[in-house]
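Thanks for coming. Please have the sequence and the structure open while I talk, and follow along residue by residue.

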Amino acid sequence: MSSGWIKVGGVALACGLVSEVVYFLYKRYRKRGWQYKGQSESESRKEIEEVLFFPDSQVACRNYFVGDHGCDNNNCRFTHIPNSLSRLYEFINSAKKSVDVCVFSICCTELADLLIELNKRNVTVRVICDDEQINIRGSQIWKLRKEGINVRTDNSSYLMHHKFLIIDDSLLLNGSFNWTRQAISGNQENLMALNNARIVSLYKAEYKKLWEKFDPKNTSPL
Ligand SMILES: [Zn+2]
C-alpha cells in the first residue's frame with residue numbers, strides 16, 4: 001500500500017474516533033441536561049398532564065395517603081379511597097425543594113398542615129393569598145405564619161384571585177380550586193397538573209413578580 005493510502009486510512013480512522021468521542025460526550029451532556037439533581041432519568045423525562053375535578057364525595061385522609069406512618073384510626077372520618085384531594089396531597093408531598101402557593105383563599109386544615117410538614121422537612125414553602133381572606137373564619141394563614149411559613153398578600157381592594165401552585169420549579173397545578181372545604185366537598189372545581197417547561201416558566205415568572213410586588217417593603221398599609 002502506498003504511503004498516500006496509509007495517510008488517508010489514518011485520517012479516516014482518526015475522524016471515526018473523534019466522532020465517537022463527540023457522540024459519547026453529546027449523549028452524556030443530554031442525559032445530564034434532562035436530569036434534575038436526585039432524580040432518575042425516567043422520572044425527569046416523564047410528562048405529567050392530569051386534571052383533578054372536584055367535588056369529592058368525601059375528604060381524603062391525609063395520613064393515609066401521605067403521612068409517614070399511614071392511618072391507624074379504625075374510626076377515621078376521612079376516606080382512604082383515592083380521589084382528587086388525595087392526588088393533590090401526593091403532588092404537594094412530592095416536593096423536594098420548594099412549593100410556591102398562590103391561592104385566593106386557604107382555609108383547609110389538611111392542606112395547610114401538609115405545607116407545615118413540608119416546611120419542617122426543609123422544603124421552602126412560600127404562600128401568596130388575598131389580604132381580605134386572611135382573617136375569615138377557618139383561615140389557616142396565621143397558623144402558617146406562626147409555623148414560620150412566609151405569607152404575602154396583595155394589600156389591595158382588588159382580588160388576588162389566582163389558584164395555582166408550583167412544585168420544585170417544575171410542576172404546575174392551576175385551576176379554579178381554592179383551598180377550602182367547600183371547594184373540596186361542594187363546588188364544581190378543576191385543577192390541572194402539568195410539567196410543560198415553557199408553561200411552568202411563565203407561571204414561575206408571574207410568581208416571582210407577585211412575590212416582589214407583595215413584599216411588605218413595597219406595599220403600604222391599607
Ligand atoms: Zn384515615
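Before we start, one term: contact means heavy atoms within 4.5 Å. With that in hand, take Glu147, which touches Ile116, Asn119 and Lys120, leaving aside residues up to four places away in sequence. Please keep in mind that this is a predicted model.

Where does Glu147 sit? It is in the loop between helix H6 (141-146) and strand S4 (150-153). Glu147 and Asn119 are 28 residues apart in sequence, while their C-alpha atoms are 8.3 Å apart in space. Is Glu147 buried or partly exposed? Its relative accessibility is 36%, and buried means under 20% while exposed means over 50%, so Glu147 counts as partly exposed.

Next, the metal site. Which residues coordinate the zinc ion? They are Cys61, Cys71 and Cys76, each through SG, and His80 through NE2, at 2.1 to 2.4 Å. Along the chain, these donors follow the spacing C-x9-C-x4-C-x3-H. Two of them, Cys61 and His80, are 19 residues apart and link distant parts of the chain. Cys61 is in the loop between strand S1 (49-54) and H3, and His80 is in the loop between H3 and H4.

The site is tetrahedral, and the angles among the 4 donor atoms run from 105 to 113°. As a reference, the ideal angle for four tetrahedral donors is 109.5 degrees. The accessibility of two of the donors is also listed on my slide. Cys61 has a relative accessible area of 3%, so it is buried. His80 has 27%, so it is partly exposed.

Staying in that loop between helix H3 (62-66) and helix H4 (84-93), we also find Asn83. What does the side chain of Asn83 reach? It reaches the backbone oxygen of Gln58, at 3.0 Å. Asn83 touches Asp56, Gln58 and Ala60, again not counting residues up to four places away in sequence. Its relative accessible area is 18%, and the cut-off for buried is under 20%, so Asn83 is buried.

Now the strands. Look at S5, residues 163-167. How many of its residues are buried? The count is 5 of 5, so the strand is mostly covered. Both faces of S5 are covered. On one side the buried residues are Lys163, Leu165 and Ile167, and on the other they are Phe164 and Ile166.

S5 has partners. Strand S2 (residues 98-103) runs antiparallel to S5 and is joined to it by 5 bridges. Strand S6 (residues 171-175) also pairs with S5 in the antiparallel sense, over 4 bridges. Ile166 of S5 can be followed in both directions. It is the bridge partner of Asp100, and its own bridge partner in S6 is Leu172.

S5 and S6 form a hairpin with 3 residues between them. In that turn, Asp168 has a positive phi of about 50°. Asp169, in the loop between S5 and S6, has a phi near 55°, which is also positive. At a relative accessible area of 29%, Asp169 is partly exposed.

Why point out these values? Because most residues other than glycine have a negative phi, and most peptide bonds are trans. Asn155 is another residue with a positive phi, near 55°. It is in the loop between S4 and S5, and with 24% relative accessibility it is partly exposed. As for peptide bonds, the one from Phe54 to Pro55 is cis, with omega near 15°. Pro55 is in the loop between S1 and H3.

Last, the interior. The largest nonpolar core has 44 residues. Which of them have the most contacts inside it? They are Ile92, Leu115, Val127, Leu144 and Trp179. Helix H5 (residues 109-120) gives the most to this core, with 6 residues. Leu115 touches, among others, Ile92, Val127, Leu144 and Trp179. Its contacts also include Val99, Val101, Val125 and Ile149. A second, separate core has 12 residues, including Ile128, Leu172, Tyr207 and Trp211. Leu172 has come up before, as the bridge partner of Ile166 in S6.

That is what I have for today.

Terms used
Residues numbered from 1 in each chain as written. Predicted model: local features only at pLDDT ≥ 70, side-chain atom pairs only at ≥ 80, totals over all residues. Heavy atoms only, no water. Helix = DSSP H or I, 4+ residues; strand = E, 2+ residues; numbered from the N terminus. Buried < 20%, exposed > 50% of the residue type's maximum accessible area, 1.4 Å probe, protein only. Polar contact = N/O pair within 3.5 Å; in protein donor to acceptor, adjacent residues only side chain to side chain. Core = buried A, V, L, I, M, F, W, Y, C linked by side-chain atoms within 4.5 Å. Pairing = 2+ DSSP bridges. Donors = N, O, S within 2.8 Å, 3.2 Å for Na, K, Ca; no water. Tetrahedral: all angles 85-135°; square planar, octahedral: opposite > 155°, others 65-115°.
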